Amino acid sequence: MKHDVFLYILVMTAVTLAIRLVPLTLLRRPIKSRFLRSFLYYVPYVTLAVMTFPAIVDATQMPAAGVAALLAGISLAWVGASLFQVSAACCVVVFLFELVLLK
């Protein structure tokens, strides 16, 4: 059992190093493909969205409150509100939504 933990850590270390070192060793010149560059440009945004979307819906007592806050946040961000304004408005939406519906 104890050896399994060390094996798991060794495999995780190898995979992490491979993910970081392979692009550095194989891609020595700038990427010229317009499609690949645009794809790589959006990877951080998609990753952030995939990690935060389930938390938005599951962090509230009612998933509908999370969805309402998400829609409010998207609409405020669309019209150019700052990050602080969007996050504060989302918190207020969840608070009011749960205050009204949980009574």
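This report covers helix α4, its buried face and the residue Glu 98.

The model is predicted: local features need pLDDT of at least 70, side-chain atom pairs count only at pLDDT 80 or more, and totals for chains, interfaces and linings use all residues. Residues are numbered from 1 along each chain as its sequence is written, and side-chain values use heavy atoms, with hydrogens and water left out.

**Helix α4**

Helices are DSSP runs of H or I with at least four residues, and strands are runs of E with at least two, numbered from the N terminus. Helix α4 covers residues 83-101. It has 19 residues and reaches 27 Å from its first C-alpha to its last. That is close to the 27 Å expected at 1.5 Å a residue, where the expected span is 1.5 Å times one less than the number of residues.

Which residues of α4 are buried? They are Val 86, Cys 90, Val 94 and Glu 98. Buried means under 20% relative accessible area, exposed over 50%, and partly exposed in between, with a 1.4 Å probe and protein chains only. Seen down the axis of α4, the buried residues fall within an arc of 90 degrees, so they line one face. The arc is taken from the directions from the helix axis to the C-beta atoms. An α-helix has 3.6 residues a turn, so residues three or four places apart point the same way. On the other side of α4, Phe 84, Phe 95 and Val 100 are exposed.

**Packing and Glu 98**

The buried residues of α4 pack against α3 (63-78). Contact means heavy atoms within 4.5 Å. The largest nonpolar core has six residues: Met 62, Ala 65, Ala 69, Val 86, Cys 90 and Val 94. A nonpolar core is a set of buried Ala, Val, Leu, Ile, Met, Phe, Trp, Tyr and Cys residues joined through side-chain atoms within 4.5 Å. α4 gives the most to this core, with three residues.

Glu 98 counts as buried because its relative accessibility is 14%. A polar atom of the Glu 98 side chain lies 2.8 Å from the backbone nitrogen of Gln 61. Not counting residues up to four places away in sequence, Glu 98 touches Thr 60, Gln 61, Met 62 and Ala 65. On the same count, Met 62 touches Phe 97, Glu 98, Leu 101 and Leu 102.

**Annotated spans**

The UniProt annotation "transmembrane region", from an unreviewed entry, covers residues 6-27, 39-57 and 69-102. Such annotations may be inferred rather than shown by experiment. Two of these spans are tabulated.

| Span | Helix | Strand | End C-alpha distance |
|---|---|---|---|
| Residues 6-27 | 95% | 0% | 32 Å |
| Residues 39-57 | 100% | 0% | 27 Å |

Technical notes: A polar contact is a pair of N or O atoms within 3.5 Å; within protein, one must be able to donate a hydrogen and the other to accept it, and residues adjacent in sequence count only if both atoms are side-chain atoms.
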